[in-house]
Structures are given as structure tokens and as C-alpha cells.
Amino acid sequence: MLAVAQQEYDVIIVGSGAGGGMATNRLANAGLRVALIEAGGFYDPADEAQRTQLRYPWESPRRGASTRRRPFGDYNSCIGGWELDDEPFTNGENTDFRWWRARMLGGRTNHWGRISLRFGPLDFKRYDVDGLGDNWPIGYEDVKPYYDKLDKFVGVYGSNEGLYNDPDGYFLPAPKPRLHELYYIKGARSLNVPVYPMRKSVLTKRLNNRRGVCFYCSQCSRACGIHADFSSSTVLIYPALEGGQVDLYTNTMVREVVTGDDGRATGVSCINTLDGSQLEITGRTVVLAASACSTARILLNSRSPQHSDGLGNSSGHVGHYLHDSTGASRAAFLPDLMDRDIYNEDGTTGGHVYTPWWLEGENLDFSRGYHLEIGGGMGMPSYGFGFAVNQYNEFLGERVGGYGNSLRDDIRRFYGARLSIACRGESVPQFSNYCELDPTVVDKWGIPVLRFNYQWTQHEINQARHMQDTMEELLEAAGGILLGSKPGADRNYGLTQPGEIIHEVGTTRMGSDRKTSVTNSFGQLHDADNVFVADAGTFVSQADKNPTWTIMALSWRTSDYIIEQMNQRNL
Amino acid sequence: MNRRETLKSLLMSSLGAGVIASTGCAGSASPARRISWTPLPDSYSYGRTAEEKDYDARLFAESYLSEHELVTIAVLCDIILPSDHPNGGALDAGLPEFVEFMVKDRENYKLPVRGGVAWLDNHAIDNFGADFVNVSEQQRLQICDRIAWPDVQDPELQPGIRFFSFMRDLTLTGYYTTEMGFRDLGYQGNTPNVWDGVPQHVLDRHGMSYEAEWLEKCVDQSRRDVIAEWDDDMNLIT
Ligand SMILES: Cc1cc2nc3c(=O)[nH]c(=O)nc-3n(C[C@H](O)[C@H](O)[C@H](O)COP(=O)(O)OP(=O)(O)OC[C@H]3O[C@@H](n4cnc5c(N)ncnc54)[C@H](O)[C@@H]3O)c2cc1C
Ligand code: SF4
């Protein structure tokens with residue numbers, strides 16, 4: 001059955017995550033008629049039927065353990081994960097790409113880590129620094145005004161440190177470090193490694209009267225019922241829906257962008273995922289923000305006589321330069337934290353302190369940096385708590401194992417006596433790393449799926465080796481006894497698989513040369529001026545900073561450009 | 001979980017045929033021949049999708065472990081974390097049912113648990129002439145002493161050691177994720193509060209202090225409710 005939406009919209013926005021939510025909010029605010037199309041269902045963390053925040057482990061029969069449907073635990077708010085029931089993807093030869101997708105209003109911003117880092121001036125011009133990859137067609141000065149507005153509009157805690165490549169912002173005050181973080185700070189100071197307050201989009205102070213102030217439950221990954229953390233749905237989309245300018249289509253999967261004889265978009269065709277019926281929605285402009293790989297997939301599936309290799313793909317670059325952050329991690333046992341005094345140290349989600357890249361310009365055998373995220377603390381017991389209960393006895397010359405009430409003492413003795421570090425680094429984008437349409441496989445709705453082709457280069461592998469050395473030094477300087485073994489060359493030094501850090505970007509990169517890029521610096525397709533990309537597809541390079549703050553700043557910038565172009569009657 | 005709730009109880013008979021009964025009026029069998037535990041709920045409501053609700057309901061409807069296996073697991077969990085403690089133990093925390101649920105939830109747990117129970121019985125029969133639950137208390141503890149320590153090298157005991165470690169993991173996790181486990185640990189979190197740093201006496205105990213410069217960047221909790229404003233130089237002024 002094919003239905004046609006009655007309304008002709010000014011803008012059709014595909015995807016309600018970080019990029020789509022920001023575009024919806026800004027464009028609706030400018031008075032445009034917006035259709036927001038989301039493949040997943042409506043989601044509200046405050047709705048008792050969907051709430052997982054503040055639940056105790058015994059409210060779940062598996063005590064919060066992960067399942068295939070909730071890979072990050074039973075209480076994680078993501079509806080989606082590494083594998084979706086009806087939407088497969090495939091990997092080409094020698095590729096083990098991981099692809100995390102959310103199917104819900106707000107996309108992955110419901111359960112993301114809220115680490116909100118601006119890119120710095122060097123991050124937009126990496127080619128100038130190391131001669132690898134390409135520069136962005138824009139620089140920090142172009143994005144800075146949007147980061148500034150974003151800080152004030154969405155809210156982010158942090159601190160002004162005057163660092164050139166980790167720029168200052170309009171920060172809310174930071175939460176104080178926890179005890180294990182003080183040990184990390186002490187160790188890092190002794191090695192002259194800098195440490196600063198983390199930067200997260202969590203409201204440690206009131207930002208406006210709509211949203212609450214963080215009550216420190218540490219559970220942003222479950223999504224915040226009082227909207228004190230940033231989720232696209234709660235912070236951007238709900239207010240936009242109230243304005244009456246937005247029609248929200250949930251459970252609606254865009255199959256392709258429809259184009260006319262002039263090659264410009266006329267709308268999108270979609271499938272209702274609940275009943276399989278088809279819907280066509282028409283509009284003056286289309287903004288794709290389905291996440292970098294999904295947007296590439298939609299474009300590649302939008303074939304027409306004018307766009308025979310897929311919409312926006314006259315350069316053959318759609319899907320290429322796909323890249324993710326690198327990652328590696330290590331943990332240690334901290335004897336100083338045995339037999340702790342127990343108090344509530346939940347704090348905000350994740351670490352309160354971090355180390356940004358501190359070796360810029362040093363002579364290393366890899367070219368790009370990484371930052372360090374710190375973990376530990378007296379978290380809430382959930383499935384897995386108490387496993388290998390007294391394994392640290394090994395370091396105390398005592399026997400591991402046993403049974404009986406003495407295990408209770410072991411539990412208390414080692415509770416919270418752990419310090420961990422996770423590194424997140426920049427990789428060098430490669431044309432040869434890409435996603436494409438699998439020629440034979442389709443999803444439940446008959447839409448061709450993506451096939452990934454991705455290998456790390458020596459840069460990332462050498463960087464991972466450096467990460468391992470750094471983590472060992474820092475953990476030991478904090479007084480830690482290293483756990484596990486240090487991964488060597490045979491395991492790529494513990495380097496994560498591509499996609500695993502969930503910072504995939506670059507599939508529709510921006511540039512001024514239409515032969516080597518897909519969009520201009522406003523995310524506007526070179527090949528169809530009324531189609532825009534507002535997700536991380538446009539990234540030329542993914543810095544050693546998590547991508548979302550930049551996705552939103554650029555989406556806002558694209559929205560301003562659309563409004564301006566419409567006002568000038570160019571769209 | 002309330003001990004006064006009706007307990008679930010299985011008969012430990014040498015025929016291996018347990019009978020579910022309520023202990024409320026179970027005067028007939030001697031306590032030594034019965035094992036009882038606090039039952040767990042068999043339905044939950046905590047923000048599930050329709051697919052997840054269906055999946056969990058299917059798990060609850062399904063049975064995988066035999067009564068003999070359940071009894072053996074109950075006896076083992078009770079040894080690992082006994083109930084002779086003010087904060088209760090494994091059976092008070094409904095451990096057998098928790099293990100059963102996890103085994104149904106995770107395909108890769110099924111065989112290790114089934115095979116582990118069977119190994120335990122083989123070992124008990126070979127050494128003491130009856131399956132694990134039907135040898136004497138002292139003999140059971142003798143078996144546990146052999147397999148509770150992973151540093152034991154005896155190749156013959158390795159499957160048992162592995163199984164015991166797994167059951168210890170499940171027992172502790174199943175217990176410490178209940179209210180009584182929280183009490184035993186003294187866990188303080190998962191409740192709205194205002195984090196204002198590590199308590200002073202804890203800092204003192206660890207010889208730690210906050211750097212003054214760092215504290216200046218931190219939230220003044222007395223003004224957390226005052227709406228944030230900044231000057232043009234990115235300084236917070238409220
Ligand atoms: C556990 C986790 C932790 C993270 N932590 C951080 C962090 O701390 N800092 C950070 O910067 N980033 C973090 N990220 C990454 C961050 O979540 C993403 O960068 C961000 O959400 C991307 O925004 P997006 O709008 O591009 O895509 P998404 O947020 O993925 O939203 C895309 C939306 O589009 C919908 N969609 C897809 N295809 C279609 C279609 N064909 N039709 C209709 N709708 C469609 C999807 O259902 C989805 O809702 C984390 C991610 C995860 C999973
Ligand atoms: S830590 Fe704060 S912002 Fe995050 S979910 Fe809890 S109350 Fe909300």
C-alpha cells in the first residue's frame with residue numbers, strides 16, 4: 001500500500017539523533033514546516049513504562065546483565081545495539097567492522113557517554129600538521145561561534161584551561177573528583193601528564209527552567225528522567241514538537257530520497273516498520289541525519305537516471321573515508337583503596353577527570369593523538385559483581401578461591417579498589433576504508449544493506465602500542481598493580497576493532513573539490529543543492545575528541561545556512 | 001525478599017525425585033532431607049520493549065534444569081554463601097531460581113551447568129558412593145575443599161574447579177544484587193543526592209586533599225539552582 005503525506009514540508013529531516021535533533025530544533029524555531037522521520041519508536045525516559053533510571057538490580061530478572069538486545073546491560077536505554085533483529089549488515093574480506101545502531105527517538109544520544117569536547121584549530125587542519133589525509137574546508141574559527149552557542153543552549157560542564165587545541169568554552173562548573181580519580185591525578189602529576197576536569201553535557205547547575213539539575217546518579221546511560229543530561233529527544237525534540245511546526249513520523253524508515261528530472265530532491269519514500277506500508281513524503285529540502293553510515297546507505301540506495309551511482313555520489317566518494325576512533329584500555333588493582341569507607345560516590349556518569357592529548361609535536365612513530373578517560377569507583381552492584389571475588393589475593397600472597405562467609409569480607413575488602421583507563425585516539429582516514437551496498441543482501445523491508453571494508457594502518461597500531469605503555473606507567477604511578485597482560489603485536493596492542501568505539505564518521509565528507517568530496521562545508525550535496533547531511537558523515541577527520549559536540553555545532557551551522565538560503569530564495 | 005514469604009522447597013531424596021511443597025506445613029519430612037529457599041518473582045516490569053517482554057515471558061515459561069539439578073545447585077550455593085548470617089545467604093536470596101533464569105537466558109551457560117552438576121555427582125559416587133546431595137554433609141565439604149581453590153593442579157579435578165568457580169561467581173552476583181546483598185555490602189548509591197566531593201575523613205585517611213586551584217573550577221552546590229550566566233569572556237558569573 002502506498003500513501004502520500006498530504007503536507008508539503010519546507011524540510012524533511014531523516015533521523016532524530018544528535019544531528020537530526022539539532023536541525024529539527026533550529027529549523028522549526030525559524031518557523032519552517034518540518035517533517036522529522038525516525039525509524040525507531042517514541043521514547044521518553046520519564047515514562048514509567050520505559051524508565052530504567054534509578055532501578056535496582058533486583059528489578060531485572062537478570063540483574064542488569066546484558067542481552068543481545070541490550071549489549072551494554074539490561075538497564076541501558078538503547079533500543080538497538082550491535083545486531084538488530086531485522087537489519088543485518090555484512091563485512092567484506094579481512095574486515096570485522098562493528099556497527100552500533102539505535103532505533104528510537106533521539107537515536108544514540110539517549111545512552112551516549114555525554115563527553116562533549118570541542119575540536120581544536122589543529123583538528124581541522126591535520127594535513128597541514130602531518131601531511132596525511134586532508135584538511136577540512138573550514139577551520140575552528142568557522143565552528144567556534146556554534147560551539148559557543150551550543151554550550152549555552154545545551155549545557156556542558158568543564159573548565160577553561162587555555163589549551164590551544166582543547167579550546168575553552170562556556171562551561172558549567174565541574175563536579176569534584178572521586179577518590180580513585182585523586183589517585184590518578186597524583187600519579188599523573190608525578191609523570192608530568194596533565195589532568196583536567198572532564199567535559200560533559202550534564203547540568204551541574206541550572207541552565208533554564210525546563211530542565212532539572214543533575215542529582216548525581218551516574219546513570220546517564222539509562223537516560224535522565226529530569227532531562228539533566230543531553231539527549232536529542234528530551235532537550236531538542238520535545239520543545240520543537242511543542243511549537244507545532246513539526247510533524248514527527250516514528251517507526252518510519254526512509255528507503256531513499258526521491259529526485260526529479262532536474263536531479264533535485266522532491267521528497268523521501270519510507271516504510272512503516274510496524275505494518276510494512278509505504279509512504280511518500282514531499283518537501284522542498286531534505287536533511288539526512290540518519291548517522292554517518294545509514295546516511296551513506298540512503299544515498300547509495302537513491303539511484304535515478306540523474307544519479308546513477310546513488311545520490312551525491314558522482315565523485316564515487318559516498319561511503320569512503322569511513323573511520324572510527326581508536327581505542328585501548330587497561331585496569332589495575334589499587335591496594336590503597338582496599339577496605340574503603342563506603343559512601344555514595346555515584347557522581348555524574350563516567351569519569352570526572354580526563355587527560356587530553358599532551359604530546360602534540362613530539363617525535364613519535366605515529367602521527368595523531370589520543371585522550372584518556374578514567375574509570376573506577378564504588379558503582380552499584382549489578383550482574384557480574386562478585387565474579388572472581390578475591391582474585392586480588394594473588395597480589396597479597398593469599399590464596400584465591402574458597403567458599404563460606406569469609407567471601408563477604410573479600411567482597412568488602414576489594415569493593416571499589418580498581419582504577420582503569422580507556423584511550424580514545426584519532427586515526428588517519430583512508431579512501432580504502434569504506435561501506436558500500438552489499439549486492440545480494442537486503443533487510444526485512446527489502447532495502448539493500450551495507451557491507452564494510454576496513455583495515456587499520458600502521459599509524460593506529462603504533463598508536464595503540466603507545467597507549468599501552470602510557471596506561472601502564474600511569475596506573476603504576478597511581479599505586480596500581482596491573483591486571484591482565486599487556487597485549488603485544490599479535491593482538492595489535494589491544495587496538496579495538498573498527499566501529500567498536502562508536503565514533504564512525506567520514507562517509508560523506510565535506511570539501512571544496514567536488515571530485516574528492518560529497519558535500520560542501522555546509523553539508524550541502526555537490527550534486528543536489530536541496531539535500532543536506534547533518535551527521536558525522538561530513539567529517540573530514542575525526543579528532544581525538546568524541547564527535548557529538550561537533551556534529552551538533554555543524555548541524556546548527558547547516559540549519560542557519562538553510563534558513564539563509566531559503567530567505568534568499570536559493571532553496 | 002522476605003523470609004516469611006512462603007518458601008520453595010524441594011525434597012532431597014536418593015532417588016533424585018524432588019517434590020515441590022510449601023514448608024508452611026511441612027512437618028513430615030526431616031529438615032535435613034529438604035532444601036528450601038525464598039522464591040523470586042516470576043514477572044518483572046522495568047522499561048522493556050514488547051519483544052523483550054515476550055522473550056522474558058518465554059524464559060519464565062520454559063524449564064531447563066531438572067529438580068535434581070536444582071537441588072544440587074541449591075545445596076552448592078548454600079555452601080558457598082550460607083544463610084547462618086544476619087544478612088542472610090544464598091538461599092534467602094533465591095539463588096537456585098536466579099541461576100535457573102540465567103541458565104535459560106544464556107545458551108552458553110546451559111551445558112557448563114548441566115555438565116558441572118553431573119561431574120559433581122560422578123565425583124561423589126566414585127569417592128563416596130552416592131550423588132552429591134546424598135553423601136554426608138562432611139563428605140560434601142570434603143569435595144568442595146578439593147575444587148574450591150583454582151591453584152590446585154590435579155588434572156582430574158579441573159572440570160570441578162571450573163564449575164565451582166562459576167557457581168561461586170553466580171552465587172555472589174545473585175546475592176549482592178538483592179536488597180540483603182546491598183545491606184551486607186553497605187552500598188549507599190542509586191538515590192538522588194548532591195555530590196560534593198570525597199568526605200573529609202576519607203581524604204584524611206588516604207592522605208589526600210583537593211588542590212585549591214582545582215576546587216575553584218568545581219560546582220558551588222549552594223548555587224546549583226541559580227540559572228547559569230556568563231560574561232563575554234566565558235566566565236561563569238552566577
Ligand atoms: C554507548 C555510547 C557512548 C557514546 N559516548 C559518546 C560520548 O561520550 N561523546 C560523544 O561525542 N559521542 C559518544 N557516542 C557517539 C554518539 O552517540 C554519536 O556520535 C551520535 O549519537 C551520532 O549522532 P547522529 O545524529 O549522527 O546519529 P544517531 O544518534 O545514531 O541517530 C540516528 C537516528 O537516525 C535513525 N535512522 C537511521 N536510519 C534511518 C532511516 N533510514 N530512516 C529513518 N531514520 C533512520 C536512527 O534510528 C537513529 O535514531 C557514544 C555512543 C554510544 C553508543
Ligand atoms: S547523573 Fe545526573 S544527568 Fe545523569 S542521569 Fe543521573 S541525574 Fe541525570
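**Exercise 1. Decide whether Ser291(A) is buried or exposed in this predicted model.**

Step 1. Take the accessibility. The relative value for Ser291(A) is 14%.
Step 2. Apply the cut-off. Buried means under 20%, so Ser291(A) counts as buried.
Step 3. Place the residue. Ser291(A) sits in the loop between strand S10 (278-288) and helix H6 (292-301) of chain A.
Step 4. List its contacts. Beyond residues up to four places away in sequence, Ser291(A) touches Arg108(A) and Asp535(A).

**Exercise 2. Do the same for Ser427(A), and find what its side chain meets.**

Step 1. Ser427(A) has 1% relative accessibility, so this serine counts as buried.
Step 2. Its loop runs between strand S14 (418-425) and strand S15 (434-442) of chain A.
Step 3. Look for a polar partner. A polar atom of the Ser427(A) side chain lies 3.0 Å from the backbone oxygen of Asp324(A).
Step 4. Check the surroundings. With neighbours within four places left aside, the contacts of Ser427(A) include His323(A), Asp324(A), Arg368(A), Trp456(A) and Gln542(A).

**Exercise 3. Name the strands that pair with S10(A), and give the direction of each pairing.**

Step 1. Start with strand S1 (residues 2-14) of chain A. S1 pairs with S10(A) in the parallel sense over nine bridges. Val4(A) has Glu280(A) as its bridge partner in S10(A).
Step 2. Turn to strand S9 (residues 265-272) of chain A. S9 and S10(A) run antiparallel, joined by five bridges. Here Gly267(A) stands opposite Thr282(A).
Step 3. Inspect the connection. S9(A) and S10(A) form a hairpin with five residues between them. In the turn, Gly276(A) has a positive phi of about 80 degrees.
Step 4. Add strand S18 (residues 531-533) of chain A. S18 pairs with S10(A) in the parallel sense over three bridges. Val287(A) has Phe532(A) as its bridge partner in S18(A).

**Exercise 4. Work out which strands stand at the edges of the open sheet S4-S16-S15 (chain A).**

Step 1. Read the order. Three strands form this open sheet, and their pairing is mixed.
Step 2. Count partners. Strand S4 (90-91) and S15 of chain A each have a single partner strand, so one side of each is left without a neighbour in the sheet. These two are the edge strands.
Step 3. Examine one pairing. S15(A) and strand S16 (residues 448-453) of chain A pair antiparallel over five bridges. Cys435(A) stands opposite Phe452(A) in S16(A).

**Exercise 5. Explain why helix H5 (residues 232-242) of chain A is described as largely enclosed.**

Step 1. Count. Eight of the eleven residues of H5 are buried, so the helix is largely enclosed by the rest of the structure.
Step 2. Identify them. The buried residues include Ser232(A), Val235(A), Leu236(A), Ile237(A) and Tyr238(A).
Step 3. Find the packing partners. The buried residues pack against helix H1 (18-29), strand S2 (34-37), helix H3 (140-154), strand S7 (246-249) and helix H9 (548-567) of chain A.
Step 4. Check the end. Just after H5(A), Gly244(A) takes a positive phi of about 80 degrees.

**Exercise 6. Describe the lining of the second largest pocket.**

Step 1. Give its volume: about 780 Å³.
Step 2. Count the lining. There are 33 residues. Ile79(A), Arg103(A), Asn251(A), Thr49(B) and Glu51(B) lie nearest the centre.
Step 3. Sort by type. The lining has twelve nonpolar, eight polar and 13 charged residues.
Step 4. Find the main contributor. Helix H1 (residues 50-61) of chain B gives the most, with four residues.

How values were computed
Residues are numbered from 1 along each chain as its sequence is written. Chains are lettered from A and ligands numbered from 1 in the order in which they are written. This is a predicted model: local features need pLDDT of at least 70, side-chain atom pairs count only at pLDDT 80 or more; totals for chains, interfaces and linings use all residues. Side-chain values use heavy atoms; hydrogens and water are left out. Buried means under 20% relative accessible area, exposed over 50%, partly exposed in between (1.4 Å probe, protein chains only). Contact means heavy atoms within 4.5 Å. A polar contact is a pair of N or O atoms within 3.5 Å; within protein, one must be able to donate a hydrogen and the other to accept it, and residues adjacent in sequence count only if both atoms are side-chain atoms. On a 1 Å grid over the protein atoms alone, a cavity is a set of points where a 1.4 Å probe fits but cannot get out, and a pocket is an open set with protein on both sides within 12 Å along at least five of seven lines; lining residues have an atom within 4 Å of a point. Grid points are joined across faces, edges and corners, and a volume is the space filled by probe spheres set on the points. Ala, Val, Leu, Ile, Met, Phe, Trp, Tyr, Cys and Pro count as nonpolar, Asp, Glu, Lys and Arg as charged, and the others, Gly among them, as polar. Two strands pair if DSSP finds at least two bridges between them.
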